[in-house]
Amino acid sequence: MKQSDGCKSRGLKLVKRLQTPKYLKTAIPVLSVCCAFFFCGVLIQLFGNNPFTVYLKMFNGAFGTWGRFSTTLTKSIPLMLCGFAISLAFKAQLVNVGAEGQMLLGAWAAAGVALFCDFIPAPLILPAMMLAGMLAGAAWASFAAFPKAYLNVNEILLTLMFNYVAIHFLDYFIYGPWRDPHGNNMPYTAKFLQEQRLPDIGIGVHSGILIALFTAVVLYFVFRRSVWGYRIRILGESRKAAHYAGINIPRNIVITLLLSGAIAGMAGFVEASGTVGLLQAGISNNAGYTGIIIAYLSKFNPLIVLVVSILLGGMQAGGYSMQIAGLPVQIVTMIQGSILLFVLGGEFFTRYRIAWGTLGREQKII
C-alpha cells in the first residue's frame, strides 16, 4: 500500500522556490521577450509577411538615423514617466493601472494653466503647468488611494475604471468649451505660446528628457537610501511585517498612490507642452498602458525603466515606418501585448521550479 502511494506521488511537480537565483531574474525576462517576438513572428508569417523584414523595418525606423533616434527618444519620455509611476506603486505591492487616466488629467490641467492663466509671469508658466499636471494626476489617483487605504477596495478595478472616466472627461473639454474656434472644427485646443512649450535641448529632443532623467535618479536614491523608501519596501514585502515595525500602512498607501499619480500627471504635462504643444484627443497614445509593460520588464528599477522605455518607444516610432511600407501598425500593439503576457507568464518560473521525483526527493529540472 505504501509503495502504491509512493508511485502515485512520482512525477512532475511544482515546487515553490525558497530563493530565486539572481541569473533567473535577468534570464527569464530576456527569454520571455524573445519568446514574444518568436510568437509574433509566427503570426506575422501566417498573415503573409516576412517577420524578419517587419522587424528590420521597425528597427530601421526607430534607430536607423539620428533623426529617427531623436523621434524615438521623444516618444519614450512619457513612457519613462509612466513606467516610474507604476514602479513606484508596485514597490508597495500596489497595482496602479490608472496611469493612462492620470496622464490625461495631467495634460488637461497643464493645458488649463496655459490657456487661461495669462496672469502668470512667463518665467513661471512652465513650473506652474508642471505643478498643475502633477496635482491633477495625484487628485485622480486619490479616488483609488483612499478607498484602498481605509476600506481595502481593490485598487486595480478603481484605477482601471477611472481611465475611461478620464477619457470622456477630456473629450468633453476638447470637443466643447476648450476647442479652438479657428481649428477647422478639429478636436484640439488652441496652440500653446512659445514660453508655454518645453525648450529643445539641441539634439532634436525637448527638455522633458531631463525631467525624466532627474526623476529616475531621485526615485533610485529614494528606494535605496531613504527611510521612506525602506518603509515602502517593507510594506511591499509583507503587510504584517510593516504593521509590527510600526509603519502607518494606510498613510503610506495613500502617499505612494498619490506620488504615483503625480508622476503620471507630469507625463501628461510633458507630452502636452513638449511634444504636441496643445491638448488633443488621444494625447496619451496609450503611454499609461505601455508603462505597465515597461515597469514589469524593468523589475521596477527606475534606471532600467529608462532603457526599456527607449526600446518600447523605438517600437512605436518604427511602427510608423512599417505603416508607410504598407504594413499594419497594429503589429506594434500585438508585439507589446505579447511581451506583457510572456513576461507575466515568465514570472511563474521565478517563483516556482519544475521537479521530478517522489514527494520530498524531487530532482530539479527547471
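In this predicted model, the largest pocket has a volume of about 1,600 Å³. Its lining is made up of 43 residues, and those that lie nearest the centre of the largest pocket are Y296, S298, K299, F300 and E347. Eight helices each give two or more residues to this lining, namely α2 (22-46), α3 (51-63), α4 (66-91), α8 (208-225), α9 (227-237), α12 (287-297), α13 (302-324) and α14 (330-351). Of these elements, α13 gives the most to the lining of the largest pocket, with eight residues. When the lining of the largest pocket is sorted by class, 25 residues are nonpolar, nine are polar and nine are charged.

The second largest pocket holds about 380 Å³ of space. It is lined by 15 residues, with N285, N286, Q316, T333 and Q336 being the closest to its centre. At least two residues of the lining of the second largest pocket come from each of α12, α13 and α14, and α14 supplies the largest share, five residues. By class, this second lining has seven nonpolar and eight polar residues, with no charged residues.

The table sets out the two pockets by volume, lining and leading element.

| Pocket | Volume | Lining residues | Element giving the most |
|---|---|---|---|
| Largest pocket | about 1,600 Å³ | 43 residues | α13, eight residues |
| Second largest pocket | about 380 Å³ | 15 residues | α14, five residues |

The helices α12, α13 and α14 are thus named for both pockets, among the elements that give two or more residues to the lining of the largest pocket and as suppliers of at least two residues each to the lining of the second largest pocket.

Terms used: Residues are numbered from 1 along each chain as its sequence is written. This is a predicted model: local features need pLDDT of at least 70, side-chain atom pairs count only at pLDDT 80 or more; totals for chains, interfaces and linings use all residues. Side-chain values use heavy atoms; hydrogens and water are left out. On a 1 Å grid over the protein atoms alone, a cavity is a set of points where a 1.4 Å probe fits but cannot get out, and a pocket is an open set with protein on both sides within 12 Å along at least five of seven lines; lining residues have an atom within 4 Å of a point. Grid points are joined across faces, edges and corners, and a volume is the space filled by probe spheres set on the points. Helices (H or I, at least four residues) and strands (E, at least two) are DSSP runs, numbered from the N terminus. Ala, Val, Leu, Ile, Met, Phe, Trp, Tyr, Cys and Pro count as nonpolar, Asp, Glu, Lys and Arg as charged, and the others, Gly among them, as polar.
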